[in-house]
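User: I've got this model open and I'd like a close look at one part of it. Let me paste it in before I say which.

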Amino acid sequence: QVQLVESGGGLVQPGGSLTLSCTASGVNLDTYAIGWLRQVPGKEREGISYISSVEGTTMYADSVKGRFTTSRDNSKNTAYLRMDNLLPEDTAVYYCATGDNFRAAAVGNSLKLEYEYWGQGTQVTVSS
């Protein structure tokens, strides 16, 4: 049973930073690509980043390029999302995702992700 657990969310002031973690069980994450998504109530879930399994290739949605950085520590079966220069518009529930048939593609200024497994999410609130 594949399970993903996100953590690290919280309240931060505009311009501040947070690092989110995604820990997997039931799968060796070193062979899986990982995506991060976020969702605001009433809106569709938005793909924001991708990192490949072995080479660490990354992709980002335009809305977070230059501010967010995704990474991974395969020895800990964990992926990370470092968020810098946070804006109120970044307020959302953040999810990590993976899958046996994971796909990522840039479409316009958006990042489209296809996945099979995701976690419960962690709330990020950016407010002064």
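Which residues form a disulfide, and how far apart are their sulfur atoms? Take me through the strands and rings around that link too, please.

Analyst: Happy to. Keep in mind that this is a predicted model.

The link you're after is made by Cys-22 and Cys-96, with the sulfur atoms 2.0 Å apart. The structure holds 1 disulfide, and a disulfide is a covalent bond between the sulfur atoms of two cysteines. The link of Cys-22 and Cys-96 is right-handed, with 70° about the S-S bond. In sequence the two cysteines are distant: Cys-22 belongs to strand β3 (residues 18-25) and Cys-96 to strand β9, 74 residues apart. Both Cys-22 and Cys-96 are buried.

Let's follow the Cys-22 side. Across in β8, Ala-79 is the bridge partner of Cys-22. That's part of the pairing of β3 with β8, antiparallel over 6 bridges. Zoom out a bit and you get an open sheet of 4 strands, ordered β1-β3-β8-β7, with antiparallel pairing. Its edge strands are β1 (3-7) and β7 (68-73), each of which pairs on one side only. From one strand to the next, the twist averages 20°. If you want the general picture, strands of a sheet pair through backbone hydrogen bonds, either parallel or antiparallel.

At the β7 edge, 6 bridges join β7 to β8 (residues 78-83), and the two run antiparallel. Two facing positions to click on: Phe-68 stands opposite Met-83 in β8, and Thr-69 stands opposite Arg-82 in β8. The hairpin of β7 and β8 has 4 residues between the strands, and there Asn-77 takes a positive phi near 55°.

Now the Cys-96 side. Strand β9 pairs with β4 in the antiparallel sense over 5 bridges; one spot to look at is Gly-35, whose bridge partner in β9 is Ala-97. Strand β4 (residues 34-39) is largely enclosed by the rest of the structure, because 5 of its 6 residues are buried. β4 is also joined to β5 by 5 bridges, again with the strands running antiparallel. Within that pairing, Trp-36 stands opposite Ser-49 in β5. The hairpin of β4 and β5 has 6 residues between the strands, with Gly-42 at a positive phi near 85°.

Strand β5 takes us on to the rings. The structure holds 2 aromatic pairs. One of them is Tyr-50 with Phe-102, a stacked pair at 6.0 Å centre to centre and 15° between the planes. Like the disulfide, this pair links distant parts of the chain: Tyr-50 is in β5 (residues 46-51), while Phe-102 is in the loop between β9 (92-98) and β10 (103-107), 52 residues apart. Tyr-50 and Phe-102 are both buried. In the pair of Tyr-115 and Trp-118, the ring centres are 5.7 Å apart and the planes stand at 80°, so that pair is edge-to-face. Tyr-115 counts as partly exposed because its relative accessibility is 25%, and Trp-118 is partly exposed as well, at a relative accessible area of 44%.

There's one more ring worth a click for a computational chemist, and this time the partner is a charge. The charged end of Arg-45 sits over the ring of Tyr-95, 4.0 Å from its centre.

Finally, a small stop away from the rings. Thr-122 lies in strand β13 (residues 122-126) and is buried, with a relative accessible area of 10%. A polar atom of the Thr-122 side chain lies 3.1 Å from the backbone nitrogen of Gly-9.

To pull the disulfide back into view: Cys-22 is in β3 and Cys-96 is in β9. On the first side, β3 pairs with β8, with Ala-79 across from Cys-22. On the other, β9 pairs with β4, and β4 is joined in turn to β5, where Tyr-50 of the stacked pair is found.

Technical notes:
Residues numbered from 1 in each chain as written. Heavy atoms only, no water. Phe/Tyr/Trp six-rings, centres within 6.5 Å; stacked < 30°, edge-to-face > 60°. Buried < 20%, exposed > 50% of the residue type's maximum accessible area, 1.4 Å probe, protein only. Lys NZ or Arg CZ within 6 Å of the ring centre and 35° of its normal. Disulfide = S-S within 2.5 Å. Pairing = 2+ DSSP bridges. Axes fitted to C-alpha atoms, helices over the stretch in contact; angles between N-to-C directions. Polar contact = N/O pair within 3.5 Å; in protein donor to acceptor, adjacent residues only side chain to side chain.
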